[in-house]
Each structure stands twice: as structure tokens, then as C-alpha cells.
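The following paragraphs lead the reader through a structure, taking up side-chain pairing, helix packing and backbone conformation in turn. Please keep the sequence and the model in view while reading.

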Amino acid sequence: MVNVIISNSSPLIIIGKAGQLGLLKALYKQILIPREVYVEVVEQGKEKKERDAYLVEEAIHEGWIKVENLTKKEIQRSAELHKKFGISNGESEAIILAQRYKKCILILDDIESREVAKARNIKLSDTLIMPLEALANKKIDYKDFKKIFEKIVSLMKPKSDKMLK
């Protein structure tokens, strides 16, 4: 049984912009993020006055999103992934954090990062799976699913060349 969910930045940003962080909470109860994902989502988002940054920060204060610090050795491994594969610091830290937890799911959209994670036998999910999972678990009905799914797809379009296709 998987009991640890780890997220990268883009799923939190997109789901936050779609106004669906509450649904994420209903599905997973708790989500772990590495420090760099916090920086990318909350700190950089607040600098740009992005509403989703404040929503994620609120979820952290509520305790259902938890920021995990990497050890010095994990930070070094993360830097190596970042340098070797050209993935973001948040993505590399999320992958390293997922390696710490043996039975976890990593929510990750970037194609290159997904390949790096797959090579490390990390179980993956993505932003588009969230509404499908909510529908399957009867957290939403089909009408809500369609609305949420379309909103998420519209938010992903500007980044679609590096994300799932």
C-alpha cells in the first residue's frame, strides 16, 4: 500500500490555479514536498503575487502539505541529477525525496524528469490523474470531473511541450 505522496511544483501550481487544492487534500490527506518545491511554489509565487502560492502556503500551515528537508548527502545527489539531466532543482529534489520513501507516489509532469524518476523505479502520477482519481473515488461526479479536467488542461497548455502528451 502506498501511503506517501510527494509532489513537484507544477502539479501544485496548476491544481492551485484551478482552485482544486481541497480536492487534492481529500484524495491524499497529506503531501510531502522538498524545500526547493516550497521555494518555487510559495516564495517565487508570492513574489509574483500568484494566488496559488498563498493557497499552498495555507495548506502548509494547516499541515496537510509538509515541507521535508533533504540531508546534505541527498542535496548533493539532487545537485548531481540537476546537472546531469538538466531538470529543475525542485524536480531533482522531489525525485531524491521519493527515493527516500520506498512506497510512495511522486506527482510529476515534466517528461524528462519522469524518465529520470522511472529509471529509479519511482511510482509516478501526474496532474491530469488527480481528477480521474477523484471521479473513481466518488469525490466528484462526472460533471465536476469534466469541468476540473478541462480547467487543468487549459492551464497546462502553455507548458505542454515539456509536459505529458
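Which two side chains meet in a salt bridge with an N to O distance of 2.9 Å? They are those of Glu68 and Arg100. The model in which this pair is found is predicted. Glu68 belongs to strand β3 (residues 65-68) and Arg100 to helix α6, so the salt bridge ties together parts that are 32 residues apart in sequence. The two partners fall into separate accessibility classes: Glu68 counts as buried, at 9% relative accessibility, whereas Arg100 has a relative accessible area of 29% and is partly exposed.

Arg100 also takes part in a salt bridge with Glu74, in which the closest N and O atoms are 2.6 Å apart. Here, too, distant parts of the chain are linked, since Glu74 is located in helix α5 (residues 72-85) and Arg100 in helix α6, 26 residues apart. Glu74 is buried, its relative accessible area being 8%. These pairs belong to a wider arrangement, for Lys66, Glu68, Glu74 and Arg100 are linked in a network of salt bridges. Side chains of opposite charge can pair when their charged atoms come close.

A search of the whole structure finds nine salt bridges. One of them joins Glu50 and Lys17, with 2.6 Å between the closest N and O atoms. Because Glu50 lies in the loop between α3 and α4 while Lys17 lies in helix α1 (residues 9-17), this pair ties together parts that are 33 residues apart in sequence. Both ends of the pair are partly exposed: Glu50 has a relative accessibility of 29%, and Lys17 has a relative accessible area of 35%.

The loop that carries Glu50 also holds Lys49, placed between α3 and α4. Lys49 is a residue other than glycine, yet its phi is positive, near 60°. With a relative accessible area of 67%, Lys49 is exposed. A further positive phi, of about 60°, occurs at Asn121, which is likewise not a glycine. Asn121 is found in the loop between α7 (111-119) and β5 (123-125). At 73% relative accessibility, Asn121 counts as exposed.

The two helices that flank the loop of Lys49 and Glu50 may be considered next. At what angle do the axes of helix α3 (residues 35-47) and helix α4 (residues 51-62) cross? The angle is roughly 125°, and the axes come within 8 Å. An angle of this kind falls neither over 145 degrees nor within 65 to 115, and α3 and α4 are therefore oblique to each other. Their crossing is left-handed. On the α3 side the contact is made by Tyr38, Val41, Val42, Gly45 and Lys46, which meet Ala53, Tyr54, Val56, Glu57 and Ile60 in α4. Sorted by class, the contact of α3 with α4 comprises seven nonpolar residues, one polar residue and two charged residues.

Helix α3 has another packing partner in helix α6 (residues 89-100), the helix that contributes Arg100 to the network. The axes of α3 and α6 are 7 Å apart, and the packing angle is about 145°. The crossing of α3 and α6 is also left-handed. In this contact, Arg35, Glu36, Val37 and Glu40 of α3 meet Asn89, Gly90 and Glu93 of α6. The class composition of the contact of α3 with α6 is one nonpolar, two polar and four charged residues.

A further helix pair is formed by helix α8 (residues 129-136) and helix α9 (residues 142-156). Their axes lie 9 Å apart, and the helices pack at an angle of about 175°. This orientation makes α8 and α9 roughly antiparallel to each other. From α8, the residues Met130, Pro131, Leu132 and Leu135 meet Tyr142, Phe145, Ile148, Phe149 and Ile152 of α9. The contact of α8 with α9 divides into nine nonpolar residues, with no polar and no charged ones.

Technical notes:
Residues are numbered from 1 along each chain as its sequence is written. This is a predicted model: local features need pLDDT of at least 70, side-chain atom pairs count only at pLDDT 80 or more; totals for chains, interfaces and linings use all residues. Side-chain values use heavy atoms; hydrogens and water are left out. Axes are lines fitted to C-alpha atoms, for helices over the stretch in contact, and angles run from 0 to 180 degrees between N-to-C directions. Helices (H or I, at least four residues) and strands (E, at least two) are DSSP runs, numbered from the N terminus. Angles under 35 degrees count as roughly parallel, over 145 as roughly antiparallel, 65 to 115 as roughly perpendicular and the rest as oblique. A crossing is left-handed if the near helix is turned anticlockwise from the far one by less than a right angle, and right-handed if clockwise. Contact means heavy atoms within 4.5 Å. Ala, Val, Leu, Ile, Met, Phe, Trp, Tyr, Cys and Pro count as nonpolar, Asp, Glu, Lys and Arg as charged, and the others, Gly among them, as polar. A salt bridge is a side-chain nitrogen of Lys or Arg within 4 Å of a carboxyl oxygen of Asp or Glu. Buried means under 20% relative accessible area, exposed over 50%, partly exposed in between (1.4 Å probe, protein chains only).
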